[in-house]
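Here's a quick tour of a protein model, starting with a bit of sheet and working outwards. Have the viewer ready and follow along.

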Amino acid sequence: MARNPKRFPLDMIRHSSAHVMAAAVQELHPGTVFGIGPSIEDGFYYDLQLPGDEKLGPEDLAIIDAKMREIVEADLPFEEEELSKDDARKLFADQPFKLELIDELPDDEALTVFRCGAFTDLCRGPHLPSTGYVKYFQLMKLAGAYWRGDSDQPMLQRIYGTSWQKAGQLTAYLEFLEEAEKRDHRRLGKELDLFSFSELGGAGFPLYHPKGARVLQLLQDWLRDELYKRGYVEARTPHVYRVEMWKMSGHFDNYKDDMYFFDVPEGKDKEGKERFSEFAIKPMNCPGHMLIYGANLHSYRDLPLRMFEFGTVYRHELSGVAHGLMRARGFTQDDAHIFCRPDQVNDEVKRCLELVDYVMSTFGFEYTAELSTRPEKSMGSDETWELTTNALENALKEYGIDYSVSEGDGAFYGPKIDIHLKDAIGRTWQCSTIQFDALLPERFDLEYRTADNTAERPLMLHRAILGSMERFFGILLEHYGGGLPSWLAPTQAVIIPINDDMIGYAEDVQARLAGAGVRVELDGASAPMKAKIAKAQQQKVPYMLVLGKREAEEGKVSLRHRTEGDLGAVSIEDFLSRLTSEKPQ
RNA sequence: GCCAGCGUGGCGCAACGGCAGCGCAAUUGAUUUGUAAUCAAUAGGUUACCGGUUCAAAUCCGGUCGCUGGCUCCA
C-alpha cells in the first residue's frame, strides 16, 4: 500500500520518526531507558541509555536503521491511549526519566501515550496514522547529551536523524550538508594556507599564516576607516591587569572560571618569603575603556565618546567547545564603548544599526535582530531600563529591521540587540551585539559634568559589529566558499607567463602592480600554462594575468577571472581600475 | 568539563597481528606550452606519547596527551 507522507506536517513526521527509532532500539536492546525524542530543525533525535554498561557505537546506526525500515515496512499503527497518572506510573515503572516527566504534569490531567509496536511512549502527539508514512529518513550521528540539558544530570546517548516529506527533500538536505562541509572554514584554512592549529597551543588558538593574517588585516583596515568616518576614536589597552582590577570590574566574581590567571614572582619580603603579584589576561576589553574614560574629566560637551579597539581577549573556555575560528580561546573583538547622555541614546543606537547595515550589506548578508529585555534579576532604575529599551526598539523600528523580542533575556545590567545574519547557504550566525551596560560605569564611578556643573553618570553602550574577527573571518570563508572578493583576497592576482621568455615582462608587470598596491604573485615555474591556471583556480585567486608574446608586444595583460573566465587583453590601468571598482565604497 | 569516535610523511588516504604504501605537494632534471593539472627521477615516517600482551604490534589491551562530532556554556 502506498503511504505518502506529503500531506503531514514535517514536525509530525519527525516526531513519529523518533518513535520508530525508539521502537527499533527497544527491539534491539530490550531494557533501554528513554529520555525524550522530539522533532527539531532538520530532523529529530532520541535520548536514551542502553541497559547495563552497553553503549551504542557508530556501527549501530546501520543496524538501527535496518530495524527501523522493518518497522516502516510493517506499517504499524500509532495508537493513542488515555491514562490516569497512576496508571502511567505503573506503565513506565522501569523508565525513570519518563516517571520524572509524569511527576511534573498536573495531577488532574489525563495523560496520553502512543503505542507503536513494542514501544510505548508518554507523548502528547499527534502522530502519523502508521509507521508506513515514515519514509524519507536517515540516521545522522551519535552524540552525548545531558538529561534535561543539565550538566549536573546523567549523560545519555543521543541519536540524531533527519526525516522529510519527499525523497527530493532528503536528497537536497544531504547535498546541503555536503556543500557545508566543502565550505568548512577549517578545511579552507588548510587548503588556502590561511591558518592552522598546533597541538601545542590547542584548538582554541589559531596560528595565522601570512595569507590569513593579510585577510584579517584588510578586514580590520577597512572597518577602522569606516569607524573613523563615523566619529569613533581608537584606543589600545593592556592584555594583562592585576587581579584587583578584575575584582573591581566584577569579572573576578562572575567570570573567574573562564579567565587565565598567573603569578609573577616579585622577589622576597623582609622575612625571606617569596612574594608574588597575581595577574589575569583580559577576557573582555571593557575595563580598559572604563579606565581611559575615568582618566580624564568629561564635560557634557565631550559626549558622545565613541571608543573602539580591535582588542584581543583570552577566555579559558571548556576544552570541548572549541571549533576552528568560530569558537576560539583567544580572539579579537571589534569592540567599542559609547559613552553618552540620556538625550543622545536614541541617536547612538541608530548609528550602531546603520553601521551594522552597512557592514552586513557589504558582504551580502541578510540579517534579523533579537531584542532582549529586562530580566527579573537586574540592576538599575525603571527609568533607565525604559529609556534604553525604548531606544533599542525604536531604532529597530525606524530601520525597518525584522526583529523578535525575547522578554526577560537581557543581561542583568542592561537590554541588548543581537544580530543574526544569514549566509550564502542559508545558515544563521550571531555576530553583532549592541548592549546597554549600567554596571561598569557604576563600578568605575564614571561621570561627566552637566551644563549646570553637577556630576552625572554617563550611559554606556557596548557594541561589536563583526563580533569576533576570527568568527567573522570563518563565516566569510564559508559564505564565499573560500572565494573572497578581490578587495579581501590575500592574493588578488597571479601572473602566469606562458613560457620562460616572458619572465622579464612578467617581472615588469609584477613590479608595476605591486607598486600600485596590488597583492600579486608571479608563477615563474616552467610548467604549462594550464597547470598554473589550475593551481591559481584552486587557490581561489580572483584574477589570473596570462602573459605571452602578444601581451608583451602590446604592453597588456590577458585577464582571466576566477569565475568569469577569459576576459581578453586589457591594459594595466584598466585592470587597476577594475580592482578599485570592486572595493566597497 | 561530560559522552562517543579518531590520531599513519606537509596535506588527503591505504595497510587492521607478519618487510609501512598510494595520490597531491616538495626537490632535481628534462620540457617552453594560449585559459583547470607535461614527463621522469629523488627525498620525506621510532605509525601522537608511555606501558602491557605476543615469536612478531600502526594493528590487540591499559593509561596519558591531542583532535573531531555532540551536550553544557558562549563572540
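In this predicted model, let's begin with an open sheet of three strands, ordered β12-β14-β13 and paired in the antiparallel sense. The edges are taken by β12 (240-242) and β13 (261-268), each of which pairs on one side only. Going from one strand to the next, the twist averages 40°. As a general reminder, the strands of a sheet pair through backbone hydrogen bonds, either parallel or antiparallel.

How do the two pairings look in detail? Here they are, with one residue pair picked out for each.

| Strand pair | Sense | Bridges | A residue pair |
|---|---|---|---|
| β13 and β14 (residues 274-281) | antiparallel | six bridges | D263 and E278 |
| β12 and β14 | antiparallel | three bridges | V240 and I281 |

So much for the ladder itself; now the connection. How many residues lie between β13 and β14 in their hairpin? There are five, and G272, which sits in that turn, has a positive phi of about 85°.

Another glycine to look up is G481, which comes after helix α14 and has a positive phi near 60°. The helix before it deserves a look of its own. Is α14 (residues 469-479) largely enclosed or open? It is largely enclosed by the rest of the structure, because eleven of its eleven residues are buried. The cut-off behind that word is 20 or more other C-beta atoms within 10 Å of the residue's own. The buried set in α14 mixes side chains of quite varied kinds: M469, E470, R471, F472, F473, G474, I475, L476, L477, E478 and H479.

Now zoom out to the whole chain. The domain assignment splits chain A into domain 1 (5-182), domain 2 (191-237 + 282-479) and domain 3 (493-581). Between the C-alpha centres of domain 2 and domain 3 there are 40 Å.

In terms of secondary structure, chain A has 18 helices and 28 strands. Its C-alpha atoms fill a box of roughly 85 × 75 × 65 Å along the principal axes. Of the 585 residues in chain A, 36% are buried. As for contacts in chain A with a separation of 6 or more, 68% of them come from residues 24 or more positions apart.

How values were computed. Residues numbered from 1 in each chain as written. Chains lettered and ligands numbered in written order. Predicted model: local features only at pLDDT ≥ 70, side-chain atom pairs only at ≥ 80, totals over all residues. Pairing = 2+ DSSP bridges. Helix = DSSP H or I, 4+ residues; strand = E, 2+ residues; numbered from the N terminus. Axes fitted to C-alpha atoms, helices over the stretch in contact; angles between N-to-C directions. Buried ≥ 20, exposed ≤ 12 C-beta atoms within 10 Å, placed from the backbone. Contact = placed C-beta atoms within 7 Å. Domains from an automatic or database assignment.
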